[in-house]
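Dear colleague,

I am passing on the structure that follows, together with some notes on what was found in it. Please look through it at your own pace before reading on.

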Amino acid sequence: MTSSGHIPSSTLLYCPQTLFCIRSTLYLWLWIAGQVGQVSSSHQHFHPHSIKIPGDITLGGLFPVHSRGPHGLPCGELKKEKGIHRMEAMLYALDQINSDPELLPNITLGARILDTCSRDTYALEQSLTFVQALIQKDTSDIRCSNGEPPLIRRPERVVGVIGASASSVSIMVANILRLFEIPQVSYASTAPELSDNNRYDFFSRVVPPDSYQAQAMLDIVRALGWNYVSTLASEGNYGESGVEAFMQISREAGGICIAQSVKIPREPTAVEFDKIIKRLMETSNARGVIIFANEDDIKRVLEAAKRANLTGHFLFVGSDSWGAKSSPITELEDVAEGAVTILPKRASIDGFDQYFVSRSLENNRRNIWFNEFWEDDFRCKLTRPGIKVDPEKKKCTGEERIGQDSAYEQEGKVQFVIDAVYTVAYALHSMHLDLCPSSAGVCSDMDPVEGRLLLDYIRAVNFNGSAGTSVLFNENGDAPGRYDIFQFQMTNHSHPGYHVIGQWTNNLKLNLDEMQWSGGDKSVPDSICSFPCNPGERKKMVKGVPCCWHCELCDGYQYQLDESTCETCPSNMRPAPNRTTCCQTPIIKLEWNSPWALVPASLALLGIVATSAVVITFIRFNDTPIVRASGRELSYVLLTGIFLIYLITFLMIAEPGAVACAFRRLLLGLGMAITYSAMLTKTNRIYRIFEQGKRSVTPPKFISPTSQLIITFFLISVQVLGVFVWFGVVPPHTIIDYEELRPPNPDLARGILKCDMSDLSIICCLSYSIVLMVTCTVYAVKSRGVPETFNEAKPIGFTMYTTCIIWLAFVPIFFGTAKSTEKMFIQTATLTISMSLSAFVSLGMLYMPKVYVIICHPEQNVQKRKRSFKAVVQASRVPQRSLNEKQNGETKIEPNRLQ
């Protein structure tokens, strides 16, 4: 529709509220006002223009009596509930106020009620009627035919406007009314935008804004445990601002993510609704859908979901435009099952029901649209002069009765219409008491009523409304938020329908036990992006979507510090089985029943028995030639060293402690130092004797038993001194090594109780003995040419060769197991077995033959003739040929031992 009276909304919306601005637009309004009559009359043949109720003070009314017209027409079909019910509620409220002797006594309220036809531009044109009385027209150039100035009837002055219904209409109208300082009280407009007191300072409403509704819906989503939802809005101020309010509040509150935000175009096709459903399914985990849409769009969304075979998938949370209405879900109950809807807290007004069902064609002639309502409600046709009635349609008799011959249910906003009218009435009453205390009617101070002053009185009202709840406003003109929470259920009761499951008054009270979902399921369905991670798993957030994450196991030695962080356990701890905390790593030590202990201990025990047997034999036959020829003093020292070598095995296996660790340090190298010091002294003595014999007949020095013992103990003292220096620098103590046995699998991690002896310290402790061993081997090699009839050079040589082979094998085994999970056990077993084998070699090669002769062939254990050092010298000078012959078995020399 085009009209010369249309004002661009931008002109109205952004014009500053200043006196200059108002004055500068007055001329524009003069021209507009002249066009209003033409515009209105152009539509008169479609629908009557307005309802006029005379009174001392006139209120304006804006109601969507008709729907938006098709194909460019301004108005369409009659809206019985939203239009006629609400408009009749204003008439009913005026009747109640005018009949109340306590409220505005001697003052009658009148009304000018207009039809907005559910279109903001048309409502703007209609609302110009309210400001005509405020426009000063210049009539100085106008004269009647007799030359007299014309008598122009001044239109009634509207002091306040009740309405409008749709937020888009209220926004458009509010821009005009604020310029002329006419207060406006809406009964249904809930857009958050209207809470802007700077732009809509003359606007108030008895319904809570969508920001409260959005908060209530957010609280519902939280109470249901959802954190991932989509939004769906009808294009237009109501839908878009409602969704924007929900999204803004959810962003500020946190914890809720918007998967999809879809807008329904103004005139959508069925294909577009199918696309909307397909888009919502792109994030199928977001089953919850927050919907701010009109009734028709809601119905078509449900139809599209049904066509896509998604019945029961979407979980709708509907705004007050859905409320408890049956029209959006008719024949779609299975799709809508479980839908949670919200509606401003309301009550059915019994007085209005009695009033409305008593309306008839005879007693309601003031409602110029009532005839049209009558025909639509009773599906009949009234006869009019000059108009033929379609014979196929039933003729109205006028005797029909509302609620008897037609269905009737009070429209949900009736209560708020009545409260809006009473709000202005109470404000006028308070103003009259203050400005006209002694006047029975309207005094000069209220003629005309000053709009800004009336606004102050409106904002100050506080009374019990038609439903018994208090009516009051905040500084932005908003009513407090009070909502009933409904759920559409099909199986909870004997018949499907909406059932109250909670309420919201600044905080939510929701009865989850009363809720039922698709198929009668009592458990709340999920609408979350990602399911909670299992214990021991951290959240790896999806960038940009704080409600979506991937679960990652805290691996290795990590535990779950919080929901998004894995932390490594301290070195002495390992993660618990569920990885939510750390627990103490079990502490182990080498146990006696372990194979790693049994084998070395058995060998050591056998060696101790064998060594003891040799010692006992030597003591028993101490004065026999074989014992004396073997060098009794050094033999006992050497056997003591062998015994200590076997003994160290038990100290290495024993539970670590300060005393045990001290003896480990002392005896680990001492036994070998004693053994190889004695061997070195023997081989050195033999080597020196025969080397001296090659040059002179004079015997070398320090070959006596006493000298040999002094040399031996001197060599041993070096080891003892080193150990005691070690004691002074680092006192012996135990440690728990958590790093040695810390494999990739933390369940196998163990702390090892052991002495403070590292691999390096063990090698250092044995290094002196190894030096003695190598030196002894060198002398054994040098003495390899000594005839076997002289002392023990050859057996000592074979002993040292074998010992070197054992220790050469020991080194790679010991260090090659450094990274093994059983490092300590292997190294301890390797070390003790190597030492025991060395002792066995020494014991077996040096003493077992002697014991065998002593025990089994005592006839050989007899004194032979003595040889002097001169004989030894002669033996040392035997030609190499003779020695070679001896080695080939051609020559045999009588055995003779040196003392």
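How much area does the protein chain expose, and what share of it do carbon and sulfur atoms supply? The model is a predicted one, and in it the protein chain exposes about 41,400 Å², of which carbon and sulfur atoms supply 55%. Of the 899 residues in the protein chain, 52% count as buried, and the chain has 25 helices and 27 strands. Among the contacts between residues at least 6 apart in sequence, 70% join residues that are at least 24 apart.

Turning to the interior, the largest nonpolar core has 66 residues, and the members that touch the most others in it are Leu59, Met90, Leu109, Tyr187, Trp374 and Leu428. Helix H13, which covers residues 414–435, gives the most to this core, with 12 residues. A second, separate core holds 58 residues, including Ile645, Leu651, Ile674 and Tyr768.

Trp374 deserves a closer look in the viewer. If residues up to four places away in sequence are not counted, Trp374 touches Arg359, Ser360, Leu361, Arg379, Cys380, Leu382, Cys396, Gly398, Glu400, Arg401 and Ile402.

There is also an open sheet of 8 strands, with mixed pairing, whose order is S10-S9-S11-S12-S13-S16-S17-S18. Strand S10 (257–264) and strand S18 (508–510) stand at its edges and have a single partner strand each, so one side of each is left without a neighbour in the sheet. From one strand to the next, the twist averages 25°. Within this sheet, strand S16 (residues 483–489) and strand S17 (residues 497–504) run antiparallel and are joined by 7 bridges, and Asp484 stands opposite Gln503 in S17. Helix H7 (residues 237–253) packs on the sheet, where it touches strand S9 (228–234), S10 and strand S11 (288–292), and the direction of H7 makes about 155° with that of S9.

Finally, a note on a helix elsewhere in the list: helix H4 (residues 120–127) is mostly covered, since 6 of its 8 residues are buried. The buried residues of H4 are Tyr122, Ala123, Leu124, Glu125, Gln126 and Ser127.

With best regards

Methods:
Residues numbered from 1 in each chain as written. Predicted model: local features only at pLDDT ≥ 70, side-chain atom pairs only at ≥ 80, totals over all residues. Heavy atoms only, no water. Core = buried A, V, L, I, M, F, W, Y, C linked by side-chain atoms within 4.5 Å. Buried < 20%, exposed > 50% of the residue type's maximum accessible area, 1.4 Å probe, protein only. Helix = DSSP H or I, 4+ residues; strand = E, 2+ residues; numbered from the N terminus. Contact = heavy atoms within 4.5 Å. Areas by Shrake-Rupley, 256 points an atom, 1.4 Å probe, with all protein chains shown as cover. Pairing = 2+ DSSP bridges. Axes fitted to C-alpha atoms, helices over the stretch in contact; angles between N-to-C directions.
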